[in-house]
Amino acid sequence: MIAETVCSAVAAAGLGIAAVTAYRKRFLAATRIAAYSLVPLGLVMTGVVDWLADTALSPTAWAGFGVLGLSWVLFSATRAVERRRGGTRKERRAAARATQTEAVAPTASAPSLGPGIRTPATRPAAKSRPAESAADDFSDIEAILKKHGI
C-alpha cells in the first residue's frame, strides 16, 4: 500500500516537472521526463508484487501494460527526433558555436571574407611575362610594404 502511494506520488511529481519543462518550450525533454515518470505508475498498475495472483484477469494490470507501452513509445519518439536533428541540444549548440566566425578580424581594416570561389569566367588570364618583370613585381611589393611601415 505504501509502495503504491509513493510510486503514484513520484509519477505525479514527474508529470508536474514535465509540464513545467514543456512550458519552457523544451518539448523533447518534457516528453522524456513524462516517460520516466509514467514508469512507476505503470509498475504499480501492473501489480508487480501480485504478479502471479491476478495479472491475467485484472483490467488495472492490462491498463498498466498500456501505460508502460505508452512510456516506451514516448522514449522511442524522442530518440528518433533527436537522431533526426543531429544529437542532443548541447551538441547542437556546440556545433553552432563552432561554425560562427567573425566577419572582420579585430585589427583588420577590411572584412576578411575568406577565399572566394571563382568561376573560369572571372579568373584573370595568365600572361607570359619576361624574366625582368618578376623583379618589377618584387619592387612593387617592397613599395607597398614600406608604405605600411613593414
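Which residues are buried in α2? In this predicted model, the buried positions of helix α2 are Ala-30, Ala-34, Ala-35, Ser-37, Leu-38, Pro-40, Gly-42 and Thr-46, and the buried residues of this helix pack against α1 (2-23) and α4 (59-85).

Helix α2 spans residues 27-46, and its 20 residues reach 28 Å from the first C-alpha to the last, close to the 28 Å expected at 1.5 Å a residue. The helix nevertheless carries a kink of about 25° at Val-39, shortly before the proline Pro-40, which is itself among the buried residues of α2. After α2 comes Gly-47, a residue with a positive phi near 70°.

Two salt bridges are found in the structure. In one of them, Glu-82 is paired with Arg-32, with 3.5 Å between the closest N and O atoms; this pair links distant parts of the chain, since Glu-82 belongs to helix α4 and Arg-32 to helix α2, 50 residues apart. In the other, the side chains of Arg-79 and Glu-82 meet at an N to O distance of 2.4 Å, and both of these residues lie in helix α4, three residues apart, or about one turn of the helix. Arg-32, Arg-79 and Glu-82 are thus linked in a network of salt bridges.

The members of this network differ in their exposure to solvent-sized probes: Glu-82 counts as buried because its relative accessible area is 11%, under the 20% limit, whereas Arg-32, at 23%, is partly exposed, and Arg-79, at 39%, is likewise partly exposed.

Key: Residues numbered from 1 in each chain as written. Predicted model: local features only at pLDDT ≥ 70, side-chain atom pairs only at ≥ 80, totals over all residues. Heavy atoms only, no water. Helix = DSSP H or I, 4+ residues; strand = E, 2+ residues; numbered from the N terminus. Expected span 1.5 Å × (residues − 1). Bend = angle between axes of the 7 residues up to and from the residue. Buried < 20%, exposed > 50% of the residue type's maximum accessible area, 1.4 Å probe, protein only. Contact = heavy atoms within 4.5 Å. Salt bridge = Lys/Arg side-chain N within 4 Å of Asp/Glu carboxyl O.
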